[in-house]
Amino acid sequence: MKKGYFGEFGGCFVPELLVPPLMEVEKAMKEIMPTEAFQAELNDLLVNFAGRSTPITFCPTLSKKLGFDLWLKREDLLHTGAHKINNTLGQALLAKHMGKTALIAETGAGQHGVATAAAAARLGMECTIYMGAEDVERQSSNVRRMRLLGARVKPIENGSQTLKDAINAALRAWISSQATTHYCFGTAAGPYPFPDLVREFQSVIGREARAQMLERTGALPDYVVAAVGGGSNAIGMFHAFVPDESVRIIGVEAGGTGEPGCLNSAAINLGVPGVLHGEYTMLLQDADGQIEPSSSISAGLDYPGVGPEHAYYAKSGRVKYGIAYDNEALAAFQALCRDEGILPALESSHALGYVLAHADEFEKGSRVIVNLSGRGDKDMDIIEKALGL
Ligand SMILES: *Cc1c(COP(=O)(O)O)cnc(C)c1O
């Protein structure tokens, strides 16, 4: 495949001034990342700071109800509460080895901002987080976390004042700060080499899950399922399983309320190809090519695009992309709380919501593993309101 592309998707559509820092990251990926010294240091951080490995958990009650074996990969148990720390520790360490002293990052819901701030603090780096002004307002508890972890939070007043605008602001800021600063991108999307870089750091999820399923059940799973926002937890979970032809892989996008014409975040199912944030991919856009506002009950899935590798797997058919609606995610959230004693993030609840809503499409007796990308404590206010509690 052409460098930086997954089939027709991907690429590096950025202003000339952003090419040098992106090429510098590409060089570091080739020359620093594979070294034993780097891998040993990263592994130490993942194990002793972030809490890897994460277990896989069998769900006895739900499995009995469903008629197939339901397993969870427990990324919710990681430090800062989600898979995002895998990526931020990796990028922060790489940046440090590249001689950078500062990190910048975008954040929407604030989860990536918190994970970046934690990695920066741990590695003694400065940290600035770009966040849409409306998100700063909506996600105040994560803003407070970032500040306590020593990060500066810059509210962005442009455009829709959300994630899309925060990414544009961070890319602009990188142009003038590239000598000292690494842009720690939050998902497996954006210009090359970010989709590859983030996937490399997240693919530990699938490598572990694959080995753990073989060890615990003596076989590969029949289905692997994950929620897709920008696509980092999903690609991290899927990657080790892509060559396993017997394993069926399902990505789940957020469909919103499910009413006709409702706002959603289902870029693969409901979008068309176009360019955003430096990559050619599936995007929610109107007939004039304007990016449509995305919306999801789970802030972490609220992105109008998707990483190029997912767009490619959708087109090739290797991965099936389904939709879960708000009510399906909420039902799954409640089921996992009450039947299994686990409070999942609303993002992860979409993956589980798809499995529960489409249970009759999974063969009886099959083994299904869902990536539980994060914990749900952050979502309690939204969930209680939605459920009328
Ligand atoms: C951010 C987030 C997501 C969505 O991001 P991806 O890059 O698609 O993984 C999913 N789950 C949780 C818990 C998150 O915090």
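**View 1. Lys2 sits over the face of Tyr5.** In this predicted model, the charge of Lys2 lies 4.5 Å from the ring centre of Tyr5. That's the cation-over-ring contact; the other views are about rings meeting rings.

**View 2. Trp174 and Phe194 make a tilted aromatic pair.** The structure holds 11 aromatic pairs, and here's one of them: Trp174 with Phe194, 6.0 Å centre to centre and 35 degrees between the planes. Trp174 belongs to helix α8 (residues 163-177) and Phe194 to helix α9 (residues 194-202), so this contact ties together parts that are 20 residues apart in sequence. Is Trp174 buried or exposed? Trp174 is buried, at a relative accessible area of 2%. Phe194 is buried as well, with 0% relative accessibility.

**View 3. Tyr223 and Phe362 meet edge-to-face.** Their centres are 4.6 Å apart, and the planes make an angle of 65 degrees. What does this pair tie together? Tyr223 is in strand β9 (residues 223-227), while Phe362 is in the loop between α15 (346-357) and β14 (367-372), so the pair links parts that are 139 residues apart in sequence. Tyr223 comes out at 4% relative accessibility, which is under the 20% cut-off, so Tyr223 counts as buried. Phe362 is buried too, with a relative accessible area of 3%.

**View 4. Trp174 and Phe194 again, now with their cluster.** Pull in Tyr183 and Phe185 and you've got one aromatic cluster, made up of Trp174, Tyr183, Phe185 and Phe194. The tilted pair from View 2, Trp174 with Phe194, is part of this group.

Definitions and conventions: Residues numbered from 1 in each chain as written. Predicted model: local features only at pLDDT ≥ 70, side-chain atom pairs only at ≥ 80, totals over all residues. Heavy atoms only, no water. Phe/Tyr/Trp six-rings, centres within 6.5 Å; stacked < 30°, edge-to-face > 60°. Helix = DSSP H or I, 4+ residues; strand = E, 2+ residues; numbered from the N terminus. Buried < 20%, exposed > 50% of the residue type's maximum accessible area, 1.4 Å probe, protein only. Lys NZ or Arg CZ within 6 Å of the ring centre and 35° of its normal.
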